[in-house]
Amino acid sequence: LSAVMRSAVDTSRPLIEAGGHELLLRLPEESVAVDGDPVRLAQVFANLLNNSAKYTPLGGRIEVDVSIDGGAAQICVKDNGEGIPPGMLDKVFNMFTQLDAGNRAQGGLGIGLTLARTLVQLHGGTIEARSEGRGRGCEFLIRLPLAAQETPQAAAPPAALSHQRNGKLRRVLVVDDNHDAADSLGMLLQYLGAETMTVHDGRACLDAVQTFKPAVVLLDLGMPGMSGLEVARRLRERPELRETTLVALTGWGQREDRRRTQEAGFDYHLVKPADLSTLQSILSLRDEEAPRSLPH
């Protein structure tokens, strides 16, 4: 685990140094082994370090502690930055949730913490956000099960990370004119086992479905040129796509918005920040089980 953490620090160091932050890294002298994918775990820790670097004012302090506690590996990433309001502690892991980053355009897309939680859970662990409020810094605490026995080679990924598991996710097309949002969501779904493709406008979506043949299309509504509503109508006109699951993933969630998506042929209307478990449940449905009505 110490080697994985050092890799994460190397990844995040440019952002940490750009903010002039002090980094305190405390690693145990003894080896701490967990079963998992070292690349994905390093990404979890790098995302937390990046989060601290972004939300800590210039010249701040970031502390990382790796230890063993109660039969589990415990990783704590703590900073003296802007903190998290009490009402947001349970929401920071939701997709596309962003905190106000003041005048700094570093807030990100709200994908990093969602990805971190997903990967931690797939490794059988837990992640918790703590903060005493605005201006009081924040702390992320991860607990991972210790390996049954240490081995000199990297452990195999947990079964939950295998693309060969039963009920694996289906082929998913992500459509959003925000390139970073589309690419990040596509990456998140790939880690969950989906085969993904991302495009950034309605015309590209209509072209992509012919060759990629997705089982699910995640479609933003507010795109220039051709709205998501128009794209959905055109997709539903094609007989070969009538059984494709269309999911509106948008910031618009009023009753009138939901009525319009239903009329356009969408199966689901999810409002950003979308709940990852809801999205994962939709994507995990087998074709014959996919409901044809919008959830309330």
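Two residues are in contact here when heavy atoms of theirs lie within 4.5 Å. On that basis, in this predicted model, 69% of the contacts in the protein chain between residues at least 6 apart in sequence join residues at least 24 apart. The protein chain has 296 residues, of which 51% count as buried, and its secondary structure comprises eight helices and 10 strands.

The packing of helices may be taken up next. Two packed helices are described by the angle between their axes and the distance between the axes. Helix H3, residues 112-122, packs with helix H4, residues 179-191, at an angle of about 5 degrees, and their axes are 10 Å apart. Because angles under 35 degrees count as roughly parallel, H3 is roughly parallel to H4. From H3, the residues Thr-114, Leu-115, Thr-118, Leu-119 and Leu-122 meet Met-187, Leu-188 and Tyr-191 of H4. Six of the residues in this contact of H3 with H4 are nonpolar and two are polar, with no charged residue taking part.

A second pair is formed by helix H5, residues 202-212, and helix H6, residues 228-236, which pack at an angle of about 25 degrees with their axes 10 Å apart. H5 and H6 are therefore also described as roughly parallel to each other, and their crossing is right-handed. On the H5 side, Gly-202, Arg-203, Cys-205, Leu-206 and Val-209 take part, and they meet Val-231, Arg-234 and Leu-235 of H6. The residues of the contact of H5 with H6 divide into five nonpolar, one polar and two charged.

Helix H7, residues 255-264, shows how burial is distributed around a helix. Its buried residues are Asp-257, Thr-261 and Ala-264. These residues cover an arc of only 60 degrees around the axis, and therefore lie on the same side of H7. The general geometry of the helix is relevant to such a pattern: an α-helix has 3.6 residues a turn, so residues three or four places apart point the same way. What, then, covers the buried residues of H7? The cover includes helix H6, strand E9 (245-250) and strand E10 (268-271). H6 thus appears in two settings, since it packs with H5 and also belongs to what covers the buried residues of H7. On the face of H7 turned away from its buried side are the exposed residues Arg-255 and Glu-263. After H7 comes Gly-265, whose phi is positive, near 110 degrees.

How values were computed:
Residues are numbered from 1 along each chain as its sequence is written. This is a predicted model: local features need pLDDT of at least 70, side-chain atom pairs count only at pLDDT 80 or more; totals for chains, interfaces and linings use all residues. Side-chain values use heavy atoms; hydrogens and water are left out. Axes are lines fitted to C-alpha atoms, for helices over the stretch in contact, and angles run from 0 to 180 degrees between N-to-C directions. Helices (H or I, at least four residues) and strands (E, at least two) are DSSP runs, numbered from the N terminus. Angles under 35 degrees count as roughly parallel, over 145 as roughly antiparallel, 65 to 115 as roughly perpendicular and the rest as oblique. A crossing is left-handed if the near helix is turned anticlockwise from the far one by less than a right angle, and right-handed if clockwise. Ala, Val, Leu, Ile, Met, Phe, Trp, Tyr, Cys and Pro count as nonpolar, Asp, Glu, Lys and Arg as charged, and the others, Gly among them, as polar. Buried means under 20% relative accessible area, exposed over 50%, partly exposed in between (1.4 Å probe, protein chains only). The arc is that of the directions from the helix axis to the C-beta atoms.
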